[in-house]
Amino acid sequence: RTADVDTSVGYPVQASFTNAQGLMVGTDVKMGGVKIGTVSNVTLDPVSYMAVATMTIEEAIKLPTDSSATIRSESLMGGKFLAIEPGGDEATIAAGG
């Protein structure tokens, strides 16, 4: 069973990667195997040359500031998703963080 997440509302969070191959607008963002948002933009930082993914995260989900994001394969057939591993910090990431 899958959860439908309305990503037209939510808050933006950014993560940087040395390689964002396969990550694109619309890619699912999941935590614990459950969809909590989508990738809304992927750009290249002209200073660090890191790929920056902007995600729209469901309002009800508050991510600890020490959370991490990893690009993972959906299956052997291809497809990618962004996996969020929550940290243990009590402070949460603010919109745009």
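**A six-stranded open sheet**

Strand 2 and strand 3 form a hairpin with two residues between them. Gly-32 sits in that turn, with a positive phi of about 60°. This is a predicted model, and the hairpin is a good place to enter it.

Stay with these two strands. Strand 2 covers residues 28-31. Strand 2 pairs with strand 3 in the antiparallel sense, over four bridges. One bridge joins Asp-28 to Thr-38 in strand 3.

Follow the chain onward. Strand 3 spans residues 34-44, and strand 4 spans residues 51-57. These two strands are also antiparallel, and seven bridges link them. Their hairpin has six residues between the strands. There, Tyr-49 takes a positive phi near 60°. Two positions help to fix the register. Thr-38 stands opposite Thr-56 in strand 4. Gly-37 has Ile-57 in strand 4 as its bridge partner. Thr-38 thus appears in both pairings: it partners Asp-28 and stands opposite Thr-56.

Now step back to the whole chain. The secondary structure comes to zero helices and six strands. From the N terminus, the elements run β-β-β-β-β-β. The six strands form an open sheet in the order 1-4-3-2-6-5. The pairing is mixed. Strand 1 (11-17) and strand 5 (68-75) are the edge strands, and each pairs on one side only. From one strand to the next, the twist averages 35°. As a general rule, strands of a sheet pair through backbone hydrogen bonds, either parallel or antiparallel.

Next, the nonpolar interior. In soluble globular proteins, nonpolar side chains tend to be buried together. Here the largest nonpolar core holds 17 residues. The members that touch the most others are Val-13, Leu-23, Val-29, Met-55, Ile-57, Leu-63 and Leu-82. Strand 1, strand 3, strand 4 and strand 6 (78-85) each supply at least two residues of this core. Ile-57 has a second role, as the bridge partner of Gly-37.

Leu-23 deserves a look of its own. Leave aside its neighbours within four places in sequence. Leu-23 is then in contact with Phe-17, Val-39, Val-42, Ala-53, Ile-71 and Leu-82.

Where does Thr-27 lie? Thr-27 is found in the loop between strand 1 and strand 2. Is this residue buried or exposed? Buried means under 20% relative accessible area, and Thr-27 counts as buried because its relative accessibility is 7%. A polar atom of its side chain lies 2.7 Å from the backbone oxygen of Met-24. Beyond neighbours within four places in sequence, Thr-27 is in contact with Gly-22, Gly-37, Thr-38, Val-39, Lys-80, Phe-81 and Leu-82. Val-39 and Leu-82 are also in contact with Leu-23.

Finally, the overall dimensions. The C-alpha trace spans about 35 × 30 × 25 Å along its principal axes. The radius of gyration is 13 Å, which agrees with a compact globule, because 97 residues would then give a value near 13 Å. Buried residues make up 30% of the chain. Among contacts between residues at least 6 apart in sequence, 56% join residues at least 24 apart.

Conventions: Residues are numbered from 1 along each chain as its sequence is written. This is a predicted model: local features need pLDDT of at least 70, side-chain atom pairs count only at pLDDT 80 or more; totals for chains, interfaces and linings use all residues. Side-chain values use heavy atoms; hydrogens and water are left out. Two strands pair if DSSP finds at least two bridges between them. Axes are lines fitted to C-alpha atoms, for helices over the stretch in contact, and angles run from 0 to 180 degrees between N-to-C directions. A nonpolar core is a set of buried Ala, Val, Leu, Ile, Met, Phe, Trp, Tyr and Cys residues joined through side-chain atoms within 4.5 Å. Buried means under 20% relative accessible area, exposed over 50%, partly exposed in between (1.4 Å probe, protein chains only). Contact means heavy atoms within 4.5 Å. A polar contact is a pair of N or O atoms within 3.5 Å; within protein, one must be able to donate a hydrogen and the other to accept it, and residues adjacent in sequence count only if both atoms are side-chain atoms. The radius of gyration is taken over C-alpha atoms; the globule rule is 2.2 Å times the number of residues to the power 0.38.
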